[in-house]
Amino acid sequence: MTWPRASAASQTWSGDVARVLVAETLADAGLDLLRAAGHDVDVRTGLSPDELRDAVAGAQALVIRSATQVNADVLAAGDSLVVVGRAGVGLDNVDVAAATERGVLVCNAPYSNVVSAAEMTVALMLALARHVPQAHQALADGRWERNRWGGMEIYRKTIGIVGLGRVGRLVAQRIAPFDVALISYDPYVSAESGRAADVEMVEFDELLERSDIITLHMPRTPETAGLLGAENLAKCRSHALIVNTARGGILDEAAAAAALDGGRLGGIAVDVYETEPATESPLFGRPDVVATPHLGASTAEAQDRAGIQIAEQVNLALAGDPVPYAVNA
Ligand code: MLT
């Protein structure tokens, strides 16, 4: 049996057994699918960048989540790579242009964890509005702080959704029954398309000025990095809550901490960080911040879906078949 390169390929390769380097935790269901296709599945998690470069040499496929940086050096070391599979949505940790240049197909699992991400967003909104983690921690530490943690209702508030893509729309559907006004800024979504989802499309400044709660749902790109920095945070309502489950760096952590210090925001819930893993951030340890360690996709269901979908894509790429979720074919 041979493994022709998939459609983005420029090099040729053939062999009996393809080695699939799995560099981050992948659901067993995905690993089983890769093995069932006859591949040599080499699971090596927690590799340093040097170790990754060594391990990827000679592998035909590399499977990752969000922690592994697949930059031009890694792609150069992966001299036999046919495909890079991202078990999840975001591709900001993959240099797609460098992969394309080398004829390496990049694919992801774009629908695998969107429901989990939307549910996590709603969970953080409610936790932030009612100070659930802070009150829990106080009680766990033996303090009955009933008077300290008065919260804010979601009812009849204006929710500003920045990015009305897959996750943004699911958040809108899930939060709508709280009887809220939904507004959104998304330069790629028309007013008509927003209306169909019961969302009023507005300009970014208007969203900042009107929202009681702002939630971010866009990829991190050069355009979106630092989008919520000092200047734009100053336009928010002084009681506004901000939720970031999208990508670190879209919300400037230092500027957000300074805005909280200056009483220019009500609170922040954050799941993603400029640098991950993050054990230090100006947002950590504050009573007005709820912070979680990039858990948006961390459900059994989403991980199963991501593992299965990416294994299917990688198997197709290695078989030389069309890959539905290829991003550079
Ligand atoms: C994604 O982009 O799919 C999510 O952030 C989850 C993950 O990185 O695994």
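Biologist: Which domains does the domain assignment of the protein give?

Modeller: Domain bounds come from an automatic or database domain assignment. Here, the assignment gives domain 1 (19-112 + 301-318) and domain 2 (114-291). Residues are numbered from 1 along each chain as its sequence is written. This is a predicted model, in which local features need pLDDT of at least 70, side-chain atom pairs count only at pLDDT 80 or more, and totals for chains, interfaces and linings use all residues, while side-chain values use heavy atoms, without hydrogens and water.

Biologist: What separates the centres of the two domains, and how many residues does the contact take from each?

Modeller: The centres, taken over C-alpha atoms, are 31 Å apart. Contact means heavy atoms within 4.5 Å; domain 1 contributes 9 residues to the contact and domain 2 contributes 5 residues.

Biologist: Which residues are around the ligand?

Modeller: A residue is near a molecule if one of its heavy atoms lies within 4 Å of it. The residues around this ligand are Arg-65, Ser-66, Arg-86, Gly-88, Val-89, Gly-90, Asn-113, Arg-247, His-294 and Ala-297.

Biologist: Where are polar contacts with the ligand found?

Modeller: A polar contact is a pair of N or O atoms within 3.5 Å. An N or O atom in the side chain of Arg-86 lies 2.8 Å from a ligand oxygen atom. For the side chain of Asn-113, the corresponding value is 2.9 Å, and a polar side-chain atom of His-294 is 2.7 Å from an oxygen atom of the ligand. The ligand on its own has 260 Å² of accessible area (Shrake-Rupley method, 1.4 Å probe), and the protein covers 92% of that area.

Note on methods:
A polar contact is a pair of N or O atoms within 3.5 Å; within protein, one must be able to donate a hydrogen and the other to accept it, and residues adjacent in sequence count only if both atoms are side-chain atoms.
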